Amino acid sequence: MANAHGSHAHTHAAAHGGGHAHSAEEVKKHVKVYIAIFVALLLGTALTVGLYYVHFNSMAVTITIALFVASVKATLVACYFMHLISERKAIYSTLAITGFFFAAMLYLFIWSRHSVPAGTEYTPTKYTPIPMSNQGK
Amino acid sequence: MDIPYTTQARPDTGLFNAKLGIWLFLASEVMLFGALFSSYILLRVGADPGTWPHGLLNIPIGTFNTTVLITSSVTVVLAWSALKMGDFAKYRKIQAVTILCALGFVGIKSFEYKDKFTHYEIWMKDGRRVTGHIEGNPWFYTLNKAAAQKVEAITFAPDAHHYAEKWEGHKAFHTELKAEEAAGAHHLPPVKIPVADIKRLSAFVPAHSTYFGIYFTLTALHALHVIGGAAVIFYLWALNKKLWLSDPERYTNRVEVSGLFWHFVDLVWIFLFPVLYLL
């Protein structure tokens with residue numbers, strides 16, 4: 001698809017700016033792709049909710065799977081609905097920089113743990129349920 | 001004066017200006033939501049084990065709303081496709097669905113919010129905790145209001161389960177109702193709880209807990225984006241037809257740019273939904 005762009009634009013619609021200007025014919029083909037992605041997103045949603053009712057032994061596994069499915073869905077939206085699959089370099093560069101700082105920000109909480117003065121670390125208090133004797137009345 | 005590069009590609013970027021503009025804006029949005037997601041992770045990881053509220057949101061409603069937003073995302077791109085093919089009437093029809101979906105999403109979200117504003121947790125002085133509803137379903141009820149109204153006891157319909165208590169504290173309010181619980185009731189019959197026995201009372205609002213603090217921050221910011229995006233899409237759809245008639249390509253580009261924003265809003269929700277509702 002990427003070769004359809006550029007200054008050598010070959011159709012009326014593509015003669016002007018926009019990373020993915022296409023002729024009516026091409027757009028028609030894309031419509032089928034959009035519908036397919038839509039179905040995939042619905043299935044992804046069903047899968048996410050379905051997995052909620054499956055109880056994995058570890059919370060880490062549950063979180064990983066849920067975020068993996070969400071990432072796949074997000075990628076589909078970004079690549080096809082937002083046309084990132086065939087974009088201009090200016091946009092890719094912008095997003096690469098954003099991606100770097102985004103990732104850095106998500107890791108802040110890990111780094112923050114190394115910058116706490118010794119002896120002042122936060123230790124979660126152990127969860128102690130209220131004794132059974134408080135029940136009734 | 002003509003604004004340059006509204007349809008023509010700028011030679012150095014290869015894009016019409018608004019497109020690079022919206023992507024730069026979306027990059028800043030990624031950082032905005034990223035900061036909040038990062039905060040969420042920090043708060044979640046730092047919470048005492050077993051205390052993070054779980055199961056307080058309505059999953060079927062959340063799932064339905066997710067579907068609504070995904071539908072609107074596909075209609076946005078289909079509407080743009082219709083414009084690319086020169087079919088304004090078809091664009092109008094498809095984009096109408098987008099606008100309805102946007103209204104639907106905000107409507108459902110408001111309903112969910114209202115549900116939280118009228119759902120309470122009570123911390124008793126003896127350590128018991130209970131969630132449920134106050135008679136008459138008041139919004140944002142507080143102990144201060146109870147004191148101002150000189151209320152001596154609150155009529156409270158407890159939920160059958162508590163999100164964090166491992167012990168069945170709720171039965172404490174209904175020792176005589178075991179059979180009913182076995183029948184799987186969500187709400188137990190109301191009991192009178194003396195205000196003097198209550199240590200803390202809070203609706204499911206940001207002040208309730210860290211969880212609701214971050215929940216409302218994230219979802220309200222997202223909802224504002226939905227409203228803003230829908231406003232732009234509506235403006236182009238309803239009030240901007242003269243641009244289509246004078247410069248169809250520029251109009252189509254406007255719709256595309258509004259669509260890019262809309263997809264981003266959808267994309268954020270794709271992460272918000274599992275993180276807040278399911279994990």
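The following exercises, each with a worked solution, concern a predicted model.

**Exercise 1. Determine how many helices and strands chain B has, and in which order they run.**

Step 1. Chain B holds eight helices and five strands.

Step 2. Read from the N terminus, the elements follow the order α-α-α-β-β-α-β-α-β-β-α-α-α.

**Exercise 2. State which residues the domain assignment gives to each domain of chain B, and what distance separates the domain centres.**

Step 1. Domain 1 of chain B is assembled from the segments 17-44, 55-116 and 209-278.

Step 2. Domain 2 of chain B covers 130-203.

Step 3. Taken over C-alpha atoms, the centres of domain 1 and domain 2 of chain B are 37 Å apart.

**Exercise 3. Compare the radius of gyration of chain B with that of a compact globule, and describe the extent and burial of the chain.**

Step 1. For 279 residues, a compact globule would have a radius of gyration near 19 Å.

Step 2. The value for chain B is 24 Å.

Step 3. The C-alpha trace of chain B spans about 75 × 40 × 35 Å along its principal axes.

Step 4. Of the 279 residues in chain B, 38% count as buried.

Step 5. As for contacts in chain B between residues at least 6 apart in sequence, 71% of them join residues at least 24 apart.

**Exercise 4. Establish the strand order of the sheet in chain B, and explain why β4 and β5 each have one side without a neighbour.**

Step 1. The five strands of chain B form an open sheet in the order β4-β3-β2-β1-β5, with antiparallel pairing.

Step 2. In chain B, β4 (191-194) and β5 (198-203) stand at the edges and have a single partner strand each, so one side of each lacks a neighbour in the sheet.

Step 3. From one strand to the next, the twist averages 45°.

Step 4. The partner of β5(B) is found from the pairing of strand β1 (residues 120-124) of chain B with β5(B), which is antiparallel and runs over five bridges.

Step 5. Within β5(B), I198(B) lies opposite M124(B).

**Exercise 5. Decide whether α1(A) is roughly parallel or roughly antiparallel to α2(B), and identify residues that meet.**

Step 1. Helix α1 (residues 24-52) of chain A and helix α2 (residues 59-84) of chain B have axes that come within 10 Å and cross at roughly 175°.

Step 2. Angles over 145 degrees count as roughly antiparallel, and therefore α1(A) is roughly antiparallel to α2(B).

Step 3. The residues of α1(A) that meet α2(B) include A24(A), Y34(A), F38(A) and Y52(A).

Step 4. On the side of α2(B), the residues involved include I59(B), I70(B), V74(B) and K84(B).

Technical notes. Residues are numbered from 1 along each chain as its sequence is written. Chains are lettered from A and ligands numbered from 1 in the order in which they are written. This is a predicted model: local features need pLDDT of at least 70, side-chain atom pairs count only at pLDDT 80 or more; totals for chains, interfaces and linings use all residues. Domain bounds come from an automatic or database domain assignment. Two strands pair if DSSP finds at least two bridges between them. Helices (H or I, at least four residues) and strands (E, at least two) are DSSP runs, numbered from the N terminus. Axes are lines fitted to C-alpha atoms, for helices over the stretch in contact, and angles run from 0 to 180 degrees between N-to-C directions. The radius of gyration is taken over C-alpha atoms; the globule rule is 2.2 Å times the number of residues to the power 0.38. A residue is buried if 20 or more other C-beta atoms lie within 10 Å of its own, exposed if 12 or fewer, and partly exposed in between; C-beta atoms are placed from the backbone. Two residues are in contact if their C-beta atoms, placed from the backbone, lie within 7 Å. Angles under 35 degrees count as roughly parallel, over 145 as roughly antiparallel, 65 to 115 as roughly perpendicular and the rest as oblique.
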